[in-house]
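Please open the model in your viewer and keep the sequence panel beside it, as this tour moves from the whole chain to a few selected residues.

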Amino acid sequence: MGIEFLEASPERVVGRMPVKGNTQQYGLLHGGASCVLAETLGSVGAVLHAGEGRIAVGIEINATHHRPATSGYVTGVATRVHAGRSLATYQIEITDEEGRRICTARLTCMLRDAG
């Protein structure tokens, strides 16, 4: 997938991913690749929120694909919208290099003790 992390905290995680290598047969960024980027960023935020000795397990993701991307990189910004003891939810906005919205996703993770 080629995901690179640019920033990571429990409140906000930023990463980018190349379009090349993550396209469907028409040369457009695959919607599943956008979901992988969204889930990766949101899950990292949830793990950071959960803290030492705890894990995050994705239980729900949804995504709206607004426009195609055909080249360059897309950047995802995961922003925490709920931070509880057992659940954490993040909204993830994915944009192209011109700042145009490609996808909006929401991820909810269940937080559990490790082991």
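Begin with the charged side chains: the protein carries 11 positive and 11 negative charges, and the mean positions of these two sets are 3 Å apart. Please keep in mind throughout that what is on the screen is a predicted model.

**The whole chain**

Switch next to a cartoon view, in which the protein shows one helix and six strands, and follow the chain from the N terminus, along which these elements come in the order β-β-α-β-β-β-β. The radius of gyration is 14 Å, close to the 13 Å that the globule rule gives for 115 residues, so the protein is as compact as a globular protein of that length. If you display the C-alpha trace alone, you can turn it along its principal axes, where it spans about 40 × 25 × 25 Å.

Now add a surface, whose accessible area comes to about 6100 Å², with 50% of it belonging to carbon and sulfur atoms. Of the 115 residues that make up the protein, 32% are buried. When contacts with a separation of 6 or more are considered, 63% of them are between residues 24 or more positions apart.

**Strand β3 and Thr64**

Select residues 54-65, which form strand β3, and then pick out Thr64 within that strand. Is Thr64 buried, exposed or partly exposed? Its relative accessibility is 43%, and because the range for partly exposed runs between 20% and 50%, Thr64 counts as partly exposed. For a sense of distance, draw a line from the C-alpha atom of Thr64 to that of Arg54, 10 residues apart along the chain, and the separation will read 30 Å. Leaving aside residues up to four places away in sequence, Thr64 touches Ile102, Cys103 and Thr104.

**Strand β6 and Thr104**

The last of those contacts leads to the next stop, since Thr104 sits in strand β6, which covers residues 101-113. Thr104 has a relative accessibility of 17%, and because buried means under 20%, Thr104 counts as buried. Which residues does Thr104 touch, not counting those up to four places away in sequence? They are Asn62, Ala63, Thr64, His66, Gln91 and Ile92. To finish, show the side chains of Thr104 and His66, which are joined by a polar contact of 2.8 Å.

Note on methods:
Residues are numbered from 1 along each chain as its sequence is written. This is a predicted model: local features need pLDDT of at least 70, side-chain atom pairs count only at pLDDT 80 or more; totals for chains, interfaces and linings use all residues. Side-chain values use heavy atoms; hydrogens and water are left out. Helices (H or I, at least four residues) and strands (E, at least two) are DSSP runs, numbered from the N terminus. Buried means under 20% relative accessible area, exposed over 50%, partly exposed in between (1.4 Å probe, protein chains only). Contact means heavy atoms within 4.5 Å. The radius of gyration is taken over C-alpha atoms; the globule rule is 2.2 Å times the number of residues to the power 0.38. Accessible areas come from the Shrake-Rupley method with a 1.4 Å probe; for residues, only the protein chains shown count as cover. Lys and Arg count as positive and Asp and Glu as negative; His and the chain ends are not counted. The place of a charge is taken as NZ of Lys, CZ of Arg, CG of Asp or CD of Glu. A polar contact is a pair of N or O atoms within 3.5 Å; within protein, one must be able to donate a hydrogen and the other to accept it, and residues adjacent in sequence count only if both atoms are side-chain atoms.
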